[in-house]
Amino acid sequence: MIIDHDENLEIIVKIINPKWIELKARKSDFAQLNENTFKSMSFMLVGEPSLLCFADSKDLVTPRIEYFPICIQRVDTKTYNFEQITLARAGGRSQFEEKVQWLFNKPSMRLLESEEEPADGTEPEAQKYSLRFYSGIEMTNPSGRGSLRIIASDMPDLVSYAKFTF
Amino acid sequence: MGSNPRPSAGRFNTDLPGGLDEAKALFRSLTMGQAVKTEISDRGVMRFTADDGTQLRINAEGYARIDRPDSIARKYRETIHFKNR
């Protein structure tokens, strides 16, 4: 069993008390896949603190494989240089924004774990491994229905998906 | 295309000798005549994507890999690692 749990993510999820005012997506690779699901190279929750969520690329040495955990970083929005699209704002009045206002009212957060089973070859005797890492983050409405999952994906590489449930 | 295939989530990781220069040369050869979109991730990974989905990724340390979608690699999706780092 190989466990690659990023302690920085665990600290962020444990200590921050989110007070967000906006959800943004980077324009690169942006697409709205359906009413509830967006794809982008990164998503930003703007506020105190602002968090940037995106797919990272990491290599295991044995077996040498590439995998794609979620990365969550505190960012200074004033120095962020990539073009973004606003998906929702606190107090926004569109039908979609009204459905996701819980996101701006101190949501709960937890990390989502993925497990992969790489092997060091294709022969029957090849050694199989079990790799666990954090692939996403989930924000939920602590006082009712509603969640947002931001998931790193390797299909295609280095994109993330933001999926709401209502 | 590469050697020593190692399966992981939906793909095979393989190896080719060489480093960044060899990865760039192979990518140019595989994608000749196609438009290539260039982007940089929030972590500093450079990603070059050709029209057919073939991708060259170079991380901030200069490590390179080429990704070939299953439609190109035919049997399976392949991530080629260039071993000389």
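Which residue stands opposite B:Asp67 in β7(B)? Hold that thought for a moment. A reminder before we look: this is a predicted model.

The partner is B:Thr79. B:Asp67 sits across from B:Thr79 where β6(B) meets β7(B). Those two strands run antiparallel, and four bridges join them.

Let's step back to the whole sheet in chain B. Seven strands make it up, and the sheet is open. Read across, the order is β1-β2-β7-β6-β5-β4-β3. The pairing is mixed. At the edges are β1 and β3 (36-40) of chain B, each paired on one side only. From one strand to the next, the twist averages 20°.

Now the helix on that sheet. α1(B) packs on it and touches β2 (11-16), β4, β5, β6 and β7 of chain B. The direction of α1(B) makes about 25° with that of β6(B).

Which residues of this helix are buried? α1 covers residues 20-30 of chain B, and the buried ones are B:Ala23, B:Leu26 and B:Phe27. Viewed down the axis of α1(B), the buried residues fall within an arc of 100°, so they line one face of the helix. The spacing has a simple background. An α-helix has 3.6 residues a turn, so residues three or four places apart point the same way.

What do those buried residues pack against? Four strands of chain B: β4 (46-50), β5 (55-58), β6 (64-68) and β7 (78-82).

Turn the helix over. The face away from the buried side carries B:Asp21, B:Ala25 and B:Ser29, which are exposed.

Take B:Ala25 as a case. B:Ala25 lies in helix α1 of chain B. Why does B:Ala25 count as exposed? B:Ala25 has 11 C-beta neighbours inside 10 Å, and the cut-off for exposed is 12 or fewer, so B:Ala25 falls in that class. One distance for orientation: the C-alpha atoms of B:Ala25 and B:Asn4 are separated by 21 Å. Along the chain, those two are 21 residues apart.

Next, the contact between the chains. Chain B puts in 21 residues, and chain A puts in 23. On the chain B side, the elements giving two or more residues are β1 (3-8), β5, β6 and β7 of chain B. The largest share there comes from β1(B), with five residues. What is the make-up of that side? Four residues are nonpolar, nine are polar and eight are charged. Note that β5, β6 and β7 of chain B come up twice: they give residues to the side that touches chain A, and the buried residues of α1(B) pack against them.

Over to chain A. Chain A has two helices and 14 strands. The radius of gyration of chain A is 17 Å, close to the 15 Å that the globule rule gives for 166 residues, so chain A is as compact as a globular protein of that length. The C-alpha trace of chain A spans about 60 × 30 × 30 Å along its principal axes. Of the 166 residues in chain A, 34% are buried. Now the contacts in chain A with a separation of 6 or more: 58% of them join residues 24 or more positions apart.

Chain A has an open sheet of five strands, in the order β9-β6-β5-β2-β10, with antiparallel pairing. The edges are β9 (70-74) and β10 (84-89) of chain A, each pairing on one side only. Neighbouring strands here are turned by 25° against each other on average, direction ignored. Inside the sheet, β2 (residues 19-26) and β5 (residues 42-48) of chain A are antiparallel over six bridges. There, A:Lys19 stands opposite A:Glu48 in β5(A).

Last stop: strand β4 of chain A, residues 37-40. Which side chains are buried, and which are not? They alternate. A:Phe38 and A:Ser40 point to one face and are buried. A:Thr37 and A:Lys39 point to the other face and are not.

β4(A) has two partners to point out. One is β3 (residues 31-32) of chain A, antiparallel over two bridges. A hairpin through four residues joins β3(A) to β4(A). In that pair, A:Gln32 stands opposite A:Phe38. The other is β14 (residues 157-165) of chain A, antiparallel over four bridges. Here A:Lys39 stands opposite A:Tyr161 in β14(A).

That's the tour. Over to you.

Conventions:
Residues are numbered from 1 along each chain as its sequence is written. Chains are lettered from A and ligands numbered from 1 in the order in which they are written. This is a predicted model: local features need pLDDT of at least 70, side-chain atom pairs count only at pLDDT 80 or more; totals for chains, interfaces and linings use all residues. A residue is buried if 20 or more other C-beta atoms lie within 10 Å of its own, exposed if 12 or fewer, and partly exposed in between; C-beta atoms are placed from the backbone. The arc is that of the directions from the helix axis to the C-beta atoms. Two residues are in contact if their C-beta atoms, placed from the backbone, lie within 7 Å. Two strands pair if DSSP finds at least two bridges between them. Ala, Val, Leu, Ile, Met, Phe, Trp, Tyr, Cys and Pro count as nonpolar, Asp, Glu, Lys and Arg as charged, and the others, Gly among them, as polar. The radius of gyration is taken over C-alpha atoms; the globule rule is 2.2 Å times the number of residues to the power 0.38. Axes are lines fitted to C-alpha atoms, for helices over the stretch in contact, and angles run from 0 to 180 degrees between N-to-C directions.
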